[in-house]
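I opened this one with a fresh page and a cup of coffee. My notes follow, in the order I looked things up.

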Amino acid sequence: MSLFSKRNLLVGILTFIIGLGTFAAIWGMPKFLTPSATTQSQVAAYLLDDRGAVNGLLVRYRVSYPLVWLVAIVVMALGVQKGIGLTSMFFMGLSQGNLGRMSESLATLEEAIRMAGRNGDLFWHPRIPNCIGWIHRELQDFEGALKRNQDGLEIGHKHSVLEAEANSLINLGIDYTHAGKSEETISAFHRVRDIFERDAWFRWRYNIRLQAAMAQHHLRLGDLTQARDEVTRLLEIAGKYEVPKYTAVGHKLLAEIALAEGDVATAETEFAAALEELRDHPVPVVEWTILAKLGRVKTKAGDADAARDAFIKSAE
């Protein structure tokens with residue numbers, strides 16, 4: 001096969017894989033869509049003609065996030081048309097974020113939004129600000145997160161991109177929860193529900209994030225019964241669509257509810273369940289938070305060795 005034909009074939013394959021990257025980068029790749037390690041290695045080796053190096057990278061991470069990242073790099077390296085290049089940057093930025101490479105993620109997404117602006121892109125441009133807002137929140141820059149999520153809401157509404165509006169509103173609800181603005185949180189979540197009624201396309205992907213955010217909101221208010229109900233629904237959706245990331249988030253929330261009730265034993269069990277879920281589907285940005293919380297629980301219990309082990313792992 002000629003280099004030109006091979007390149008065009010790869011563009012088609014990569015575009016399809018990057019489309020599936022939406023699930024991996026934002027919501028957690030459903031298990032039934034996660035390529036096997038063998039498939040990942042074969043595709044990547046074919047692209048790079050370096051089976052040993054590629055196998056080493058994939059074995060090291062063992063997840064779909066690096067596959068999305070790798071594919072995005074290859075697409076851009078091939079110099080394909082700007083639309084696919086922007087798509088690659090978007091998913092690479094989100095994958096970097098989920099892998100805990102926050103500075104790189106922020107740089108990638110900021111460059112992507114500049115590129116979208118230059119190109120007059122109206123598909124990815126409205127979707128990027130709320131992703132940047134998520135990175136700012138993970139970096140504990142709550143003011144920056146609020147600003148970018150407000151930008152995302154405004155741009156999404158202006159261009160009638162309901163997905164961007166919904167995700168921006170969910171992020172804003174989380175921002176308001178952190179700021180203790182309960183009325184604003186409830187208002188944002190009600191607006192998301194309204195979007196659900198107008199946008200049936202993969203509404204479960206909004207709903208899974210909304211359930212997690214609502215559980216956090218009720219937990220902060222001390223309404224443990226409502227928080228547990230929201231987590232129950234979250235775990236049902238995550239189980240139905242086989243999304244390990246949010247199954248782990250659900251168990252983490254159950255652990256936090258148990259701690260609020262003074263049930264340390266149940267909390268430790270739920271933290272363990274969350275970490276087990278991430279063992280074969282690592283999402284460092286979630287795992288680090290769980291380990292840090294577990295370390296504090298072990299410290300209070302007087303288990304210095306276990307606490308030290310958890311804190312060390314959370315800092316890796």
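**Notebook: helices, burial and cores**

I began with the secondary structure and counted 16 helices and zero strands in the protein. I note here that this is a predicted model.

Next I looked up burial. Of the 316 residues in the protein, 53% are buried. For the surface, I have about 14700 Å² exposed, with carbon and sulfur atoms supplying 56% of it.

Then I turned to contacts. Taking those in the protein with a separation of 6 or more, I find that 58% join residues 24 or more positions apart.

I stopped at helix α7, residues 128–138, and asked how many of its eleven residues are buried. The count is ten, so to speak of α7 as mostly covered is fair by the cut-off of under 20% relative accessible area. The buried set in α7 includes Ile 128, Trp 134, His 136 and Arg 137. Just after α7, I marked Gln 140, which takes a positive phi of about 70 degrees.

Which residues touch the most other members of the largest nonpolar core? I found Ile 128 and Tyr 246, in a core of 50 residues. Helices that each supply at least two residues of this core include α5 (82–98), α7, α11 (203–221) and α13 (244–260). The largest share, eight residues, comes from α13.

My last entry is another core, which lies apart from that one and has 17 residues. Among them I wrote down Leu 162, Leu 172, Ile 174 and Phe 189.

Technical notes:
Residues numbered from 1 in each chain as written. Predicted model: local features only at pLDDT ≥ 70, side-chain atom pairs only at ≥ 80, totals over all residues. Heavy atoms only, no water. Helix = DSSP H or I, 4+ residues; strand = E, 2+ residues; numbered from the N terminus. Buried < 20%, exposed > 50% of the residue type's maximum accessible area, 1.4 Å probe, protein only. Contact = heavy atoms within 4.5 Å. Areas by Shrake-Rupley, 256 points an atom, 1.4 Å probe, with all protein chains shown as cover. Core = buried A, V, L, I, M, F, W, Y, C linked by side-chain atoms within 4.5 Å.
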